[in-house]
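User: I would like to go through the empty spaces, the nonpolar cores and the domains of this model, one question at a time. Please reason briefly before giving each answer.

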Amino acid sequence: MNIFSNNSYDRHEKVLFGYDEASGLRAVIAIHNTQLGPALGGCRMHPYASEADALTDVLRLSKGMTYKSALAELPLGGGKSVIIGDPSKDKRPDLLAAMGRFVDSAGGRYIVAKDMGICVPDLRAMAEHTTHISGVGECLDVEGKRRDGDPSPSTAYGVFCGIEASVEFHLGRKHLEGLRVAIQGLGSVGYSLATMLRKAGAELFVSDINAASVERAVRELDATAVAPTDIVALDVDVFAPCAMGAVINEQTVEVVRAKLVAGAANNQLATPAQGDRLLQRGILYAPDYVINAGGIIDAYYMDHGKSAQSLKTHVENIATTLERIYHESKRFRLSTQEVADRMAESRFMATERLAS
Ligand code: NAD
């Protein structure tokens, strides 16, 4: 397994491998860049097919966090962690305790939060062994209601605001009434997004590998169920990926029929080439780490005790950032991903230059 020559290794500051024989923990923490602040990012638990897949995932995700926090104008760097294992079978208290100790061993350069396969009670179990943790307290959501530390509603709200801005830019429509949206993945973010879109009058098409989530959306949100294999190529206005990454790859990029791709999943493009191809095909792509930044903004605001109103305003700013990216993309005929990357780099690399 290659590390420094891995295609996804990009000047990462630190990559830590955690192993605990007693609990069976096998985990990786990747710290991409800490120029703007400590590396805050979620912990994902997934039954990776191989250790190399786990490493590639954590390297890609952690780099994305550097770019995400920089463009969201937060004083944070980029990091992420993965646990190799099946969250439905392998998640035991001793394993979570070992993960907490592993996070602690990074000495605060990495701050752990929630990601796929890890929920708030899991974070609380880790918090027994480290203080470098985000999202374990009670706080207020964007509407001022009390809730636990799960940032998913803020992520969903940011994606919702981003879809509104993208629809206005690309389709010239100011409202979402009758908009046809395909959502892949009805988990914490996907279901919350579906609820907001339905409230705004959108027509929903949904898929999830968990049949119960699909049934619930059909029942509660009047959604149309779609097979997981068919959702990418559905003839809709918006395709919103809210499950795993690399959903837009060499094959799928040719079959997307939506006019816009805008969803919560991290690393939606398998490679930057798919960003170029979407541009050529006239499909507007909302760069994932820009549109899904509501969660990291939420985590930062919660950790720093800021008000629900200021959190809401900051999350809504995602729409303004996307508009800037779309205008630059049109002006320079560059993919929206490329424009977003350049904007983010100008922030965290400028700090690097000042520090050196
Ligand atoms: P989650 O685990 O709660 O939900 C994921 C859902 O996707 C599950 O319901 C799962 O069954 C489904 N799924 C998995 N593979 C699928 C497939 N092939 N087809 C259809 N459905 C499938 O996760 P989440 O917290 O909702 O996060 C969703 C995505 O958004 C992830 O990529 C995550 O990294 C990203 N994200 C989440 C947040 C957050 O605040 N939770 C923030 C930023 C980005």
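User: Which residues line the largest cavity?

Analyst: In this predicted model, the count comes to one cavity of 30 Å³ or more, and the largest cavity has a volume of about 40 Å³. Strand β5 (110–114) and helix α9 (294–303) each supply at least two residues of its lining. The residues that line the largest cavity are A113, K114, L123, S134, G135, G149, P151, A299 and M302.

User: How many residues of each class, nonpolar, polar and charged, does the lining of the largest cavity have?

Analyst: The lining of the largest cavity draws at least three residues from each of domain 1 (14–64 + 77–136) and domain 2 (146–346). Divided by class, the lining of the largest cavity has five nonpolar, three polar and one charged residues.

User: Which element gives the largest share of the lining of the second largest pocket?

Analyst: The second largest pocket has a volume of about 600 Å³, and of the 26 residues that line it, the closest to its centre are R60, K63, N267, P272 and Q337. Two or more lining residues come from each of α1 (51–71), α7 (272–280), α8 (288–291) and α11 (336–355). The largest share of this lining, seven residues, comes from α1.

User: From which domains does the lining of the second largest pocket draw at least three residues each?

Analyst: By class, the residues of this lining divide into nine nonpolar, eight polar and nine charged. As for where they come from, the lining of the second largest pocket draws at least three residues from each of domain 1 (14–64 + 77–136) and domain 2 (146–346).

User: Where does the largest nonpolar core lie with respect to domain 1 and domain 2, and why?

Analyst: The largest nonpolar core has 64 residues, and those with the most contacts inside it are I163, V181, I183, L193, L197, L204 and I297. Helix α4 (residues 152–171) gives the most to this core, with seven residues. Because domain 1 (14–64 + 77–136) and domain 2 (146–346) both give residues to the core, it lies between them.

User: Which residues does I297 touch, not counting residues up to four places away in sequence?

Analyst: I297 is one of the residues with the most contacts inside the largest nonpolar core. Leaving out residues up to four places away in sequence, I297 touches A72, L74, L311, H314, V315 and I318.

User: How many residues of domain 2 are in contact with residues of domain 1?

Analyst: The protein chain is divided into domain 1 (14–64 + 77–136) and domain 2 (146–346), and the C-alpha centres of the two domains lie 25 Å apart. On the domain 1 side, 14 residues take part in the contact, and on the domain 2 side the number is 17 residues.

User: Does R347 count as buried, partly exposed or exposed, and why?

Analyst: R347 is found in helix α11. The relative accessibility of R347 is 25%, and partly exposed covers the range between under 20% for buried and over 50% for exposed. R347 therefore counts as partly exposed.

User: Which residues is R347 in contact with, leaving aside its neighbours within four places in sequence?

Analyst: R347 and A156 are 191 residues apart along the chain, and their C-alpha atoms are separated by 25 Å. Once neighbours within four places in sequence are left aside, the residues in contact with R347 are L36, A70, L71, E73 and R324.

Key. Residues are numbered from 1 along each chain as its sequence is written. This is a predicted model: local features need pLDDT of at least 70, side-chain atom pairs count only at pLDDT 80 or more; totals for chains, interfaces and linings use all residues. Side-chain values use heavy atoms; hydrogens and water are left out. On a 1 Å grid over the protein atoms alone, a cavity is a set of points where a 1.4 Å probe fits but cannot get out, and a pocket is an open set with protein on both sides within 12 Å along at least five of seven lines; lining residues have an atom within 4 Å of a point. Grid points are joined across faces, edges and corners, and a volume is the space filled by probe spheres set on the points. Helices (H or I, at least four residues) and strands (E, at least two) are DSSP runs, numbered from the N terminus. Ala, Val, Leu, Ile, Met, Phe, Trp, Tyr, Cys and Pro count as nonpolar, Asp, Glu, Lys and Arg as charged, and the others, Gly among them, as polar. Domain bounds come from an automatic or database domain assignment. A nonpolar core is a set of buried Ala, Val, Leu, Ile, Met, Phe, Trp, Tyr and Cys residues joined through side-chain atoms within 4.5 Å. Buried means under 20% relative accessible area, exposed over 50%, partly exposed in between (1.4 Å probe, protein chains only). Contact means heavy atoms within 4.5 Å.
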